[in-house]
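Visitor: I would like to go through this model with you. May I ask about it piece by piece?

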Amino acid sequence: MAFNFSVPTNLTDITNGHAKPAQATFNVKTGLAQMLKGGVIMDVINAEQARIAEEAGACAVMALERVPADIRKNGGVARMSDPKMIKEIKAAVTIPVMAKVRIGHFVEAQILEAIGIDYIDESEVLTPADELHHINKHNFKVPYVCGAKNLGEALRRISEGAAFIRTKGEAGTGNVVEAVRHIRTVNSEIRRAASMGDEELFAYAKELQAPYHLLKESARLGRLPVVNFAAGGVATPADAALMMVWHGHFILAKVLWEVRVLWKGQLGCDGVFVGSGIFKSGDPAKRARAIGTFRRFISPILIPISINYSHVTYMSPPTSVPTVQAVTHYNDAKVLANVSEDLGEAMVGINISDLSEDQKLAKRGW
Amino acid sequence: MLALQGAFIEHVHILKRLPEVAEAILVRTQEQLESVDALIIPGGESTAMALIAERCGLFEPLRKFTRSKPTWGTCAGMILLANEASKTKKGGQQLLGGLDIAVNRNQFGSQVDSFETDLHMSAVLGESAPPFHAVFIRAPIVTALNSEDVQVLAKLEHQVGQTDTETIVAVRQGHLMATAFHPELTPDDRLHSYFVRLAQDYKGKSQDVVTMAN
C-alpha cells in the first residue's frame, strides 16, 4: 500500500511517521478481507438468522436492524443498529460479524469498535450523518468496508483508510443491474489507467478525483489494491456467480503479453454480499415449500426459520446455500444449473427505472 | 490448493515462484484432488469450508487424502486438520482430523485483536536465520499436543492463554503440517519451500517437480 510518501527529513518540526503497533496495521486489516474471499456475507437481523447463515456456509454476517428493502419501504432515518442486538449476534456465531454505521458518524463507529465487531461498513444504505466528509478510517483499529460506484470513489475510500471495498449496487431492489454497472465501471476505468503513461495518469487521477499513487497501484495490479466484493441487488445464485466471473478468457492473456498486462489482475469480484430479506417470505404457503427445499439442501434436521410478513416477496432461505455453492463454483455451469433449480419464489424486486432520484441509495457517498 | 473459499490465490501466487512446484492446481472437485501430490488448505472460514466440502461431496475424499498425503493447513486449515477443536459453532464442526492436537478457535478474539509478530522458527528455517514475520487473523492456538509424534515448529514469545502449550502456533506430524498464522500474507516464501520439501520427501522418488494442490 502506497501510504508512505517520504516527506523530506526535518522539513517540519513534526515527527515523520510513527511506530506502527503490531496490531491493526493495514496488512492486518486487509488480511481478514482476504480470508473472506470466495465467500458469501449475509445480512441478518437477529441471532436466529445469524445461526441460519452460519449453517448455510456464510463466511461472515452483516448485522442490521432492518434490511435495506425495509429501510426503503419504511422511510425515516436509518441509523446504526442497537448494540445489544449486535452483541447477541456476535455471541451466537463463530464467523466474523460486521455492522453498518452512517457515513461520517465516527461515534457510531467508536461504539461498534468497543463492542468488538470484526468489520464496520460505512454505508450509504443508512442515512448519511455527514454530507461532505467520510470517517477517517485510519484512526480506528477495526477495519472498514465501503461502497463504491466507480474507481474514483473506491480509491477515495481506500485513501481514507478503507481496507475492503464493495460495489454499491442498488441495495434492497433485488436487481443486480446496478452492481453490474458499478463493477464494469471500476474495471473499465482500471483498464484505461493500465494503458496510460505516467503523465496521463496524473491527469486521469485529477479527472477521477482519486489519489494518484492509488490509481497508479490499481493500474499496475490490474485490479483494486484491496479485496473487492459485489453488493447491492444480488438476488439469485446466478447473480452471485455473474459478479464473480468478469475476466473473460485468461488463455488469451497467456498468448498476448500486451493483453496480459491488461488482464493480469482478476477483474471479477472476490466474493459477494447478499442482503435484503434473504430470510423473508411474503407468503406463508410459499414458506412451507421453502422449508422443504431448504431442508433438502441443508440436512434432514429442520432448522427453524423466522417469518416476517411484508408487501414484497423476498428471496427465500433456500437461496442461501445455493448462493454459497455458486460463489465457489462460479465457473462451473453444471453446478450453477443444479443449484439454481427449485429455489421457490425469487425476490420480486424493484426496477431501477421505477425509483426516483432521491430513492437511489447509491447516490449517497461521493 | 483447496479452493472452496478463502485466501487460496495468495498461496498460489507464492507457489508459482517456487521452481520445484510443477503446477499449482485449484481443487474444487474429487478429480482435481486425486490429481495432486500434496494439498494446502488455506485460511478462510473453517465452518464455511467444511459445509461447502460436504455439499460438493469432497469431505470424505479430503479426509482420505489427509490420512496419507502431504497436507498443510493454515489457520482455518489448521482447525480442519486437528483432531479436536473448541469454540466451534453451535451446530458442531466437522473436522478432517489427522493431527493429534487440540485447537481453540479465535483464541485472541475478534478482528481488533488480530496482530503481526516475528517468530523464530529454528526447526524450520535454521538456527541463525532471520525470523519469520507472521500475520495472525482471528487465529486459533494449539491447546494440547496429544502425541509424541507432533513436532512444535513455532511458538509465540508472549503468554496468550493459561498454559505454555497455548503458545504453539505451528506444528508438524509426519506428512501433516499446520500453522495458526498466514505465511501467504507476506512475501516470505521460506515456509512454502519447507512444505514443498516435505511433500517431495513423501513422494518417495527423487523427483524435482511436485504437483501442488491449493
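Guide: The conversation below takes up the sheets, then single residues, then the cysteines.

Visitor: Before we start, what kind of model is this?
Guide: The model is predicted.

Visitor: How many helices and strands does chain A have?
Guide: Chain A contains 15 helices and eight strands.

Visitor: And what do the eight strands close into?
Guide: They close into a barrel, in the order β1-β2-β3-β4-β5-β6-β7-β8 of chain A, with parallel pairing. From one strand to the next, the twist averages 30°.

Visitor: Take β5 and β6 of chain A: how many bridges join them?
Guide: Strand β5 (residues 144-148) and strand β6 (residues 164-167) of chain A pair in the parallel sense over four bridges. Within this pairing, A:A148 has A:T167 in β6(A) as its bridge partner.

Visitor: Which helix packs there, touching β5 and β6 of chain A?
Guide: That is helix α6 of chain A, residues 151-160, which packs on the sheet. The direction of α6 makes about 160° with that of β5(A).

Visitor: What share of chain A is buried?
Guide: Of the 366 residues in chain A, 57% are buried. The chain exposes about 15,500 Å², and carbon and sulfur atoms supply 55% of that area.

Visitor: And the contacts in chain A, what fraction join residues at least 24 apart?
Guide: The figure is 71%, taken among contacts in chain A between residues at least 6 apart in sequence.

Visitor: Let us turn to chain B. Which strands form the open sheet there?
Guide: Three strands of chain B form the open sheet, in the order β4-β5-β8, and the pairing is mixed. Strands β4 (82-86) and β8 (141-145) of chain B stand at the edges; each has a single partner strand, so one side of each is left without a neighbour in the sheet. Neighbouring strands of this sheet are turned by 30° against each other on average, with direction ignored.

Visitor: In what sense do β4(B) and β5 of chain B pair, and over how many bridges?
Guide: β4(B) pairs with β5 of chain B (residues 99-104) in the parallel sense, over four bridges. B:A82 stands opposite B:L99 in β5(B).

Visitor: Now some single residues. Is A:E108 buried or exposed?
Guide: A:E108 counts as buried, because its relative accessibility is 6%, and buried means under 20%. The residue is placed in helix α5 of chain A, residues 106-115.

Visitor: What does the side chain of A:E108 make a polar contact with?
Guide: The partner is the side chain of A:R102, at 2.9 Å. Leaving aside residues up to four places away in sequence, A:E108 touches A:R79, A:M80, A:V101 and A:R102.

Visitor: What about A:A91, buried or exposed?
Guide: A:A91 is exposed, with a relative accessible area of 59%. This alanine is found in helix α4 of chain A, residues 83-92. Its C-alpha atom is separated by 10.0 Å from that of A:A50, and the two residues are 41 residues apart along the chain.

Visitor: Which residues other than glycine have a positive phi?
Guide: Among them are A:Q209, with phi near 55°, and B:C75, also with phi near 55°.

Visitor: Where do those two lie?
Guide: A:Q209 lies in the loop between α8 (198-208) and α9 (212-221) of chain A. B:C75 is in the loop between β3 (71-74) and α5 (76-81) of chain B. As for accessibility, A:Q209 is exposed, with a relative accessible area of 59%, whereas B:C75 is buried, at 5%.

Visitor: Since a cysteine has come up, how many disulfides does the structure hold?
Guide: Over all chains, the structure holds zero disulfides.

Visitor: Why does A:C269 have no bond to the closest cysteine sulfur?
Guide: The closest cysteine sulfur is in A:C59, and at 14 Å from the sulfur of A:C269 it is too far for a bond. A disulfide requires the two sulfur atoms to be within 2.5 Å. A:C269 counts as buried, at 0% relative accessibility.

Visitor: And B:C56, how far is the closest cysteine sulfur?
Guide: The closest one is again in A:C59, 15 Å from the sulfur of B:C56, which is too far for a bond. B:C56 is partly exposed, with a relative accessible area of 25%.

Technical notes: Residues are numbered from 1 along each chain as its sequence is written. Chains are lettered from A and ligands numbered from 1 in the order in which they are written. This is a predicted model: local features need pLDDT of at least 70, side-chain atom pairs count only at pLDDT 80 or more; totals for chains, interfaces and linings use all residues. Side-chain values use heavy atoms; hydrogens and water are left out. Two strands pair if DSSP finds at least two bridges between them. Axes are lines fitted to C-alpha atoms, for helices over the stretch in contact, and angles run from 0 to 180 degrees between N-to-C directions. Contact means heavy atoms within 4.5 Å. Buried means under 20% relative accessible area, exposed over 50%, partly exposed in between (1.4 Å probe, protein chains only). A polar contact is a pair of N or O atoms within 3.5 Å; within protein, one must be able to donate a hydrogen and the other to accept it, and residues adjacent in sequence count only if both atoms are side-chain atoms. Accessible areas come from the Shrake-Rupley method with a 1.4 Å probe; for residues, only the protein chains shown count as cover.
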